[in-house]
Amino acid sequence: MIEATSQSQARTATAARAERRTNWRTLLLALHSTLMYIFLYAPIVVLVLFSFTTDSFGARLTGFTFSWYGRLLQDQRLIGAAWNTLEVALVSTVLSTIIGTLMALAMERYRFRGRTSVDALLYLPIVIPEIVMALALLAFFAFSFGIIENITGRQLKMSLTTVIISHIAFSISFVVVVVRASLKGFDQRLEEAAQDLGANAWQTFWRVTFPLILPGIIGGALLAFTISLDDFIISFFTTGPGTSLLPIEVYSQVKRAVTPKINAISTLMLLISMTLVGLSQFVQRQRR
Amino acid sequence: MKDGYAIEMRDIVKRFGDVNAVDHVTMEIRNGEFFSMLGPSGCGKTTSLRMIAGFEYPTSGEIYLNGTSIGTTPPFQRNVNTVFQSYALFPHMSVAENVAFGLQMKKVPREEIGRRVDEALDMVRLTGYGERRPRQLSGGQQQRVALARALVNRPDVLLLDEPLGALDLKLRKEMQIELKRLQERVGITFIFVTHDQEEALTMSDRIAVMSEGKVLQVGTPTEIYERPNCRFVADFIGESNFIRGQVSALNANDVTVTDGKGLTLRGQMVQPLQVGDDVYVSIRPEKARLSVQRPSEPPNNLFPVTVDRVAYIGSDTRIMVQLGQDQLFDVWEQNTRSTVDRDAYWQRGEQGFLWWPAENALVLKD
């Protein structure tokens, strides 16, 4: 009996030691995660905070004001650039998502001659340096405009259209990667089941395949949109005179002077991206 | 409805690369019958089913559905429906939407769809489950949704690709009975693919035993079990003892076989044989007897044996005996008496007599 008691006491002591050890581990883990999140988000918090400061150099928090947002709305150059950016992002996202999805379906479903090379070439835009891509596009446009001018006599210029074409060119790869990932987990028996139940290829796609890979398509589109939204290098090289885009405009204003106005526009962009991510998460959860 | 056949396969070959997955198969499946294709994996049964469904087209040969050739008709134009092994229910649709899918494709009026979906769910005992999502159902319930989704279209033929494979044993037995009952009620031709011989025996009107792309035998469960036409069928369906030997004498249906090691056996002829043929004598373990005493009227197959191993499995005792020099032979005795007395059961090392009437031994070629 006595032996049993001492044994159980020993066991309790061991358990307590183990618990203390676990407490330490949990504490360390919590500390580590907190520090990591501070590292990730502190700059963003600072950015947002300083968009409300009354200090016109944006260096100190001297008071709270919304005035920078008001001034922002009066800055025609900035607003114009923002609209341009949004237009480029929307058009290039829609087109690259359609092309990329079709491409992903073809790559995943069919075996054709040269498939491996097509596969490798498809991912090249993701890995080659952006500056190389930008210069290549610039050279390409200059070259093809020259040919068009020789044939038709029409002189084409760099404009928003060339930016959109360029953004589509690099967005497709990202869309393909994301959509293919969602097709990998797709059970092809479902398509057979639909056909077995009387659906032709068209009905099978819209009733079964499309709804099931939609989360992947939305994911791909979102990625394309955000990449287009903050692209600097390629936009810088492929835009024409007089048409500016937001990242380029922000850069040129910062070169002159850093004002909280820049913080304000950045905060708005942050808000738009967060809303989009939240929206896509919501849509995907609704589907489940 | 030509000759009352729902499906006719005429000399079907399906080649994948260099392999004939289905190798000159000819089969007739009667209207309203529960027909099983049985065989080990890779025997061509699933490929045959997929050709009837239209997911694969034959390399050569013809398939007829109710007398009409359907060789290269796409699946959505055949009045044939499939219950898939993995069920393949649409995860983004409710149970009712899944069942309604086929009717919507056929442009059946909305009210009629509603009524028929309800009927179909009633039939598989899932009344009131229409609003659920497939993933909220158990395996057995998903299985029944798959059945309802196929049957609601009133197909000429229902194809079932190992539909019970994913269920546990008890549920499987229940579903076997339920499937058979359902088939009798709706009167639709069922073609059932399985590698489980017990499942095929339980449910089928007729069974086709397949191996390596070929049909070895087609017959009723009794015919397949009691009169297998080759060693493979006898071995695959149920269990059997095989004693290898050569035909030494023929007298009408009575065959004498010697194994070259001193055993002489008498058996029944079930296929044409000649003296000198290499054969297997096949005796089912439950069709042989083991006794302590020499039987008073000695049958024509009687051998002194030693018990090698004994396995008590509840309903039966399975006794492995040593016959001749190196032949092991399995005998099953039903435990008809309720007793725990050791002496009532065979023990290892005991001597006894193994015997069977000649009609219980079938002489088969490889």
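In this predicted model, strand E1 of chain B, spanning residues 5-16, is joined to E2(B) by eight bridges, and the two run antiparallel. One spot where they face each other is Lys14(B), which sits opposite Val22(B) in E2(B). The pair belongs to an open sheet of four strands in chain B, ordered E2-E1-E4-E5 and paired in antiparallel fashion. At the edges of this sheet stand strand E2 (19-30) and strand E5 (68-69) of chain B; each has a single partner strand, so one side of each is left without a neighbour in the sheet.

Zooming out to the whole of chain B, the domain assignment splits it into domain 1 (2-232) and domain 2 (239-364). The C-alpha centres of these two domains of chain B are 39 Å apart. As for where they meet, five residues of domain 1 of chain B are in contact with six residues of domain 2 of chain B. On the domain 1 side, that contact is made up of two nonpolar, one polar and two charged residues.

Then there is the contact between the chains, to which chain A and chain B contribute 16 residues each. On the chain A side, the elements giving two or more residues are helix H7 (189-196) and helix H8 (201-229) of chain A. H7(A) gives the most to this side, with six residues. Sorted by class, the side of chain A that touches chain B comes out at seven nonpolar, five charged and four polar residues.

Methods: Residues are numbered from 1 along each chain as its sequence is written. Chains are lettered from A and ligands numbered from 1 in the order in which they are written. This is a predicted model: local features need pLDDT of at least 70, side-chain atom pairs count only at pLDDT 80 or more; totals for chains, interfaces and linings use all residues. Two strands pair if DSSP finds at least two bridges between them. Two residues are in contact if their C-beta atoms, placed from the backbone, lie within 7 Å. Ala, Val, Leu, Ile, Met, Phe, Trp, Tyr, Cys and Pro count as nonpolar, Asp, Glu, Lys and Arg as charged, and the others, Gly among them, as polar. Domain bounds come from an automatic or database domain assignment.
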